[in-house]
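Welcome, and please open your viewer with the selection panel at hand. We will move from one selection to the next and look at what each brings up.

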Amino acid sequence: MSIKDRVKSLLKEADLYKSQRLLKESKSKYLEAIKLIQNNEQIPNRKSLINAITKKISTLDTGIVRWDKSSSTPEVSPKVQDLIKKLFTPEEKKDNDVVKSLKSAITLAKFGQYKRAIKEFNQLIRIDSVCVPAAKNSLKCIIEVSSLDDAVTQYHQWMNKNFFPNDKGLIVKQFLQDIITKKGLSISLDTDVDIEDKEKEEDTGLLGNSFMDQDDEDIIDITSIGIRFNHGPKQGEHVELDVSFQAGNVLSLIVSSKDKLLIDSLKIGVRLDDMDFYSPIAIFKGSGIVEANTRIESGPKRGDYSLDIKIHSI
Amino acid sequence: MAIFNIQKREIECKIVYYGPGRCGKTTNLEYLFKAFKKQVTGEMVSVDTEGDSTLFFDFLPIGLGKIKGCDVRVQIFTVPGQQKYSSTRKLVLKGVDGIVFVADSLEVRREKNMLSLKDLQQNLKDYGLNISRIPLVMQYNKRDLADEGMPIMSVEKMGRDLNRQLKVPSFQASAIKGTGVGNTLQECLKLTLISLQRELKWSQ
Ligand SMILES: Nc1nc2c(ncn2[C@@H]2O[C@H](COP(=O)(O)OP(=O)(O)OP(=O)(O)O)[C@@H](O)[C@H]2O)c(=O)[nH]1
Ligand SMILES: [Mg+2]
């Protein structure tokens with residue numbers, strides 16, 4: 001192929017990639033073409049040719065920058081949001097309307113539709129049975145969409161209006177305080193009233209278990225876990241297991257029948273104090289309790305063991 | 001996970017088109033929407049960006065009529081293939097029953113094909129599914145570009161890259177022209193229904 005033909009073919013390739021919006025690939029072909037032209041003085045009109053290609057590259061660069069900067073979860077129209085709720089909210093027969101609304105608001109949040117999700121969570125906060133998960137998720141969305149400061153402001157507004165019944169405000173408070181601590185900040189959510197509450201609650205030991213409430217539905221999905229055994233037959237070992245199903249704070253896993261020692265180490269009631277919880281976003285440290293350990297009697301996993309581990313704290 | 005309503009004898013299952021950005025997943029669905037009007041049971045919805053990359057998903061509902069006494073409905077989705085949409089990609093994959101992996105035949109996209117397949121394997125694993133057990137077919141798309149003298153990979157090379165271990169059925173296609181598009185989906189549906197019949201035992 002003559003040099004001229006090679007240049008032509010490179011440009012054709014670059015144009016095609018551009019038309020398919022393979023912008024980086026297109027740019028790299030244009031650059032190759034320029035190099036070839038620069039190295040071959042016999043090509044006529046080199047200067048204007050190079051100029052023309054450089055212009056094309058700069059248009060591509062604008063496109064690439066715009067693409068890199070664009071949000072990966074922009075807000076979409078209410079109609080599309082409704083469709084997202086309909087198509088991606090997991091349905092369970094036992095769910096009542098309130099739980100359904102909570103789940104569909106969580107779906108919106110997962111798809112980055114924070115503003116509408118916040119609106120929906122804030123309506124659910126008035127309903128006792130779901131006020132805690134609604135508040136937690138609302139705060140998470142506020143942090144995503146604006147700032148931690150705004151989440152703190154929202155929290156105080158709720159508290160001033162006495163939104164939460166009984167100890168539920170404390171659960172929300174602890175949740176937000178944990179986020180603040182994880183970020184290494186030292187904002188305190190305490191008010192005078194709270195401090196009194198805290199003393200009372202230390203008496204009853206309420207805070208310890210209440211972070212993951214039974215009716216809690218969180219955005220975080222745990223995809224796998226790590227367990228470090230500090231005693232028992234697996235002492236000193238670190239084991240990683242995939243989560244096959246998650247219902248609230250209970251994780252179900254399958255352990256192969258071949259791993260007898262592991263099955264024996266995970267008897268019902270065993271407390272696991274040194275656990276890692278892997279989510280798509282981050283790894284959390286925490287503890288858990290084995291709630292079920294049963295042999296699977298039918299299906300392709302027959303003979304293996306199905307384990308439920310309840311998250312005790314994260 | 002397919003929804004099986006025993007009383008109504010209805011099954012609804014989910015097929016997902018997966019693959020790297022710009023490989024032609026949306027173009028596959030657009031062709032299906034036009035060519036299989038009879039089976040299509042609703043509008044095709046595309047949620048895309050201004051640059052026509054898929055942002056969240058494309059969605060196309062189809063009906064297959066009665067199969068072994070059961071009304072079978074299929075929800076077809078495409079994922080957004082571009083790297084930056086990894087979290088929505090995973091959400092769209094959730095509950096999948098069968099997968100079409102669309103690979104780009106363009107030589108310059110070779111690595112992206114492999115990365116996307118790896119990403120699929122990892123996401124399935126996170127959902128407790130195994131890529132070598134789930135109903136899966138491969139499509140080597142954009143074959144028409146050979147006629148325009150564009151550097152594309154041979155089918156053998158793509159098979160070695162992507163299908164050496166999986167050994168799933170594979171199809172050459174040109175989604176833009178429609179060649180191979182119907183065959184790809186048909187095979188995927190076949191594998192998916194066989195697997196669901198085994199799992200749900202609905203034909204008994
Ligand atoms: N020549 C040719 N072009 C194709 C073919 N299939 C798709 N394209 C083009 O490739 C580009 C990308 O196609 P899409 O269908 O949007 O790709 P996608 O896989 O949905 O991309 P993402 O949504 O970004 O993941 C478009 O310009 C299509 O016209 C094909 O078979 N042949
Ligand atoms: Mg697309």
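The tour visits a ligand site and then a pair of helices. Keep in mind throughout that this is a predicted model.

**Stop one: the ligand and its shell.** Begin by selecting ligand 1, which lies between chains A and B. Now expand the selection to the surrounding residues: there are 21 of them, and the closest are B:Thr26, B:Thr27, B:Thr54, B:Gly81 and B:Asp144. Colour this shell by class and you should find five nonpolar, twelve polar and four charged residues. Which element gives the largest share of the shell? Select helix 1 of chain B, residues 25-35, which contributes three residues.

**Stop two: backbone contacts.** Stay with ligand 1 and show the backbone atoms around its oxygen atoms. A polar backbone atom of B:Ala175 is 2.9 Å from an oxygen atom of the ligand. Next, pick B:Cys23, where a backbone N or O atom lies 3.2 Å from a ligand oxygen. For B:Lys142, the corresponding distance from a backbone N or O atom to an oxygen of ligand 1 is 3.5 Å. Switch on a surface here: the protein covers 91% of the 650 Å² of accessible area that ligand 1 has on its own.

**Stop three: two crossing helices.** Select residues 110-126 and 155-162 of chain B, which are helix 3 and helix 4. Their axes come within 10 Å and cross at roughly 35 degrees, and the crossing is right-handed. Show side chains for B:Arg110, B:Asn113, B:Met114 and B:Leu117 in helix 3, which meet B:Lys157, B:Met158, B:Asp161 and B:Leu162 in helix 4. By class, this contact has four nonpolar, one polar and three charged residues.

Conventions. Residues are numbered from 1 along each chain as its sequence is written. Chains are lettered from A and ligands numbered from 1 in the order in which they are written. This is a predicted model: local features need pLDDT of at least 70, side-chain atom pairs count only at pLDDT 80 or more; totals for chains, interfaces and linings use all residues. Side-chain values use heavy atoms; hydrogens and water are left out. Axes are lines fitted to C-alpha atoms, for helices over the stretch in contact, and angles run from 0 to 180 degrees between N-to-C directions. Helices (H or I, at least four residues) and strands (E, at least two) are DSSP runs, numbered from the N terminus. A crossing is left-handed if the near helix is turned anticlockwise from the far one by less than a right angle, and right-handed if clockwise. Contact means heavy atoms within 4.5 Å. Ala, Val, Leu, Ile, Met, Phe, Trp, Tyr, Cys and Pro count as nonpolar, Asp, Glu, Lys and Arg as charged, and the others, Gly among them, as polar. A residue is near a molecule or strand if one of its heavy atoms lies within 4 Å of it. A polar contact is a pair of N or O atoms within 3.5 Å; within protein, one must be able to donate a hydrogen and the other to accept it, and residues adjacent in sequence count only if both atoms are side-chain atoms. Accessible areas come from the Shrake-Rupley method with a 1.4 Å probe; for residues, only the protein chains shown count as cover.
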